[in-house]
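These are my notes from a session spent looking things up in one chain. I began from a single buried serine and worked outward from there.

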Amino acid sequence: MKAYRAALLRFDPAADPRQAAVYEADGLLVLGPDASGAEVVHDVGAWAALAPRYPGLAVEHLPGRLIAPGFIDMHVHFPQLNVIGSPADGLLPWLENHTFPEEQRFESPAYSAAEAEFFLDELLRHGVTTALAFATSHPASVQALFAAAQQREMRLITGLCLMDRHAPAALLNRAGPAGTDATEQSLIDSENLLQQWQGVGRLGYAITPRFAPTCSAAQLRGAGELAARYPQAWIQSHVAENHDEIAWARSLFPQSRSYLSTYDDFGLMRDRAVYAHCIHFDAEDRALMHATGAAAALCPTSNLFLGSGFFDYASAEQAGFRYGLASDVGGGTSLSPFHTMLGAYVVGRDGRGKAGLSLTPQHLWWQHTAGAAQALGLDGRSGRPAVGNLLPGCEADFVLLNTQATPLLARRTARAANLDELLFALIVLGDDRVVERTVIARSARARPVGPR
Ligand SMILES: [Zn+2]
């Protein structure tokens, strides 16, 4: 067993997410193996109460540091890290001029492998320990990302990008050697990759139609059939990000009630289906999210950067569908969960065309940890693994935060009168400088990854 003494943050799963944080100013986190040998939280609580139960246990004492659950990024594009910060006139020109040319490079296994190393190291350096990521339409990109994540024992979910039309030829799925067309071959490749990687270590497969406009009806139908055959796999796509995109999707699938319901019509909405953005919804769309168990990945820095719009938190709460936070890099402007949480706060405040509200600091943090885990179906229910929290039994992924990482942050956090003030100071002023260490649960024992 291994133990850490520091300030500790975790979340009460039974509490209202707006006030669900449980904080120990002087806490103890005890890690140990579960029945399968995976490293999980064995015990957690106040130092004074717990320490007497573990006489002789070696404890790493980290005064002035905050231990918090590792962050979960619900939507990020592995092949877009190199186009972060590209200027463009909205989503569609951004795709055409910056993103598509870069994604074409991932046809090369060597390029994909090198990029996967850098991408995962950057996620860890920013405190992200679980990610649902897009790769490209090239199987090499998926293989490279899974292999690099497996090496790091990270909980990572990805899949082959399905796109058989409306993009440059070099980015579309390819026809197969035995005379199968591109659509058929993309589904065969998806199933092969799923069988190779789903459930291997901490890895998961996501059936990944890029978005309805780049997928033929036959490809969406095939993806839905795969989703029905493999209920343990995830589904990821995009929806209702931008008005031009919505009009395009509606013109291609006019028989569906809405852009979102196109996915439902092809069997692509269920538990473990994650849709990025979900901005321009009507009441029926929100009810459909709730009824099917699908979840929204909110991408505030991307939505602000591309001028896409503002997610309507109040209506989402009313409909009761699940959601969590995501960077959406390269449309998003940072891998830092602190920047994303601040973006979410700004998006929540906007009061034009929707209710403006002040999301609590605890709620913002929850959306990037325990709430995101719930949205991904990784919160420990029905015997599934749990991440995004530090309760007994949770996989031991966590970050060690330095609340004095910059002169101003040190000043501000020293004056924090309560937990919400401390968390909000970190959200507003924090970035990768705050993340002193990211620790990934090991099958054998904990090792720090990528300390700064
Ligand atoms: Zn995206």
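**Entry 1: Ser 308 and its surroundings**

I started with Ser 308, which counts as buried because 23 other C-beta atoms lie within 10 Å, and the cut-off for that class is 20 or more. I note at once that the model is a predicted one. On locating the residue, I found Ser 308 in the loop between helix H10 (300-305) and helix H11 (313-319).

Which residues does Ser 308 touch, leaving aside those up to four places away in sequence? I listed Leu 91, Glu 241, Asn 242, His 277, Ile 279 and Asn 303. I also looked up the pair Ser 308 and His 243, which are 65 residues apart in sequence but 7.9 Å apart in space, taken C-alpha to C-alpha.

**Entry 2: Backbone angles that caught my eye**

Since His 277 is one of the contacts of Ser 308, I checked its backbone and found phi near 90 degrees, a positive value in a residue other than glycine. His 277 is in strand S11 (residues 273-277). Is His 277 buried or exposed? It is buried, because 29 other C-beta atoms lie within 10 Å.

A second histidine, His 166, also has a positive phi, near 60 degrees, and is found in the loop between strand S8 (161-162) and helix H5 (182-197). His 166 counts as partly exposed, because it has 14 C-beta neighbours inside 10 Å. I flagged such values because most residues other than glycine have a negative phi, and most peptide bonds are trans.

With the peptide bonds in mind, I looked up the one from Val 329 to Gly 330, which is cis, with omega near 5 degrees. Gly 330 is in the loop between strand S13 (322-325) and helix H12 (337-349).

**Entry 3: Two helices, H12 and H6**

From that loop I moved on to H12, whose 13 residues reach 18 Å from the first C-alpha to the last, close to the 18 Å expected at 1.5 Å a residue. The helix is mostly covered, with eleven of its 13 residues buried; among them are Pro 337, Phe 338, His 339, Met 341, Tyr 345 and Val 347.

I then turned to helix H6 (residues 217-229), whose 13 residues should span 18 Å at 1.5 Å a residue, and whose end C-alpha atoms are 18 Å apart, which agrees. The buried residues of H6 are Gln 219, Leu 220, Gly 222, Ala 223, Gly 224, Leu 226 and Ala 227. When I asked what these residues pack against, I found S8, H5, S9 and strand S10 (234-239).

**Entry 4: Strand S7 and its partners**

S9 led me to strand S7, for S7 and strand S9 (residues 203-209) pair in the parallel sense over three bridges, and Leu 203 in S9 is the bridge partner of Leu 156. Strand S6 (residues 128-134) also pairs with S7 in the parallel sense, over three bridges, and here Thr 130 has Arg 155 as its bridge partner. Together S6, helix H4 (residues 139-152) and S7 make a right-handed β-α-β unit.

Which way do the residues of S7 (residues 155-158) point? Arg 155 and Ile 157 point one way, whereas Leu 156 and Thr 158 point the other way, and all are buried.

**Entry 5: The chain as a whole**

Stepping back, I recorded 16 helices and 16 strands in the chain. The radius of gyration is 21 Å, close to the 22 Å that the globule rule gives for 452 residues, so the chain is as compact as a globular protein of that length. Along its principal axes, the C-alpha trace spans about 65 × 50 × 40 Å. Of the 452 residues, 55% count as buried, and among contacts between residues at least 6 apart in sequence, 71% join residues at least 24 apart.

The domain assignment gives domain 1 (2-70 + 387-449) and domain 2 (71-356), with their C-alpha centres 30 Å apart. I noted that 18 residues of domain 1 are in contact with 18 residues of domain 2, and that the elements giving two or more residues to the side of domain 1 that touches domain 2 are helix H16 (419-429) and strand S15 (435-440).

Notes:
Residues are numbered from 1 along each chain as its sequence is written. This is a predicted model: local features need pLDDT of at least 70, side-chain atom pairs count only at pLDDT 80 or more; totals for chains, interfaces and linings use all residues. A residue is buried if 20 or more other C-beta atoms lie within 10 Å of its own, exposed if 12 or fewer, and partly exposed in between; C-beta atoms are placed from the backbone. Helices (H or I, at least four residues) and strands (E, at least two) are DSSP runs, numbered from the N terminus. Two strands pair if DSSP finds at least two bridges between them. A crossover is right-handed if, with the strands pointing away from the viewer, the path from the first strand over the helix to the second runs clockwise. The expected span of a helix is 1.5 Å times one less than its number of residues. Two residues are in contact if their C-beta atoms, placed from the backbone, lie within 7 Å. The radius of gyration is taken over C-alpha atoms; the globule rule is 2.2 Å times the number of residues to the power 0.38. Domain bounds come from an automatic or database domain assignment.
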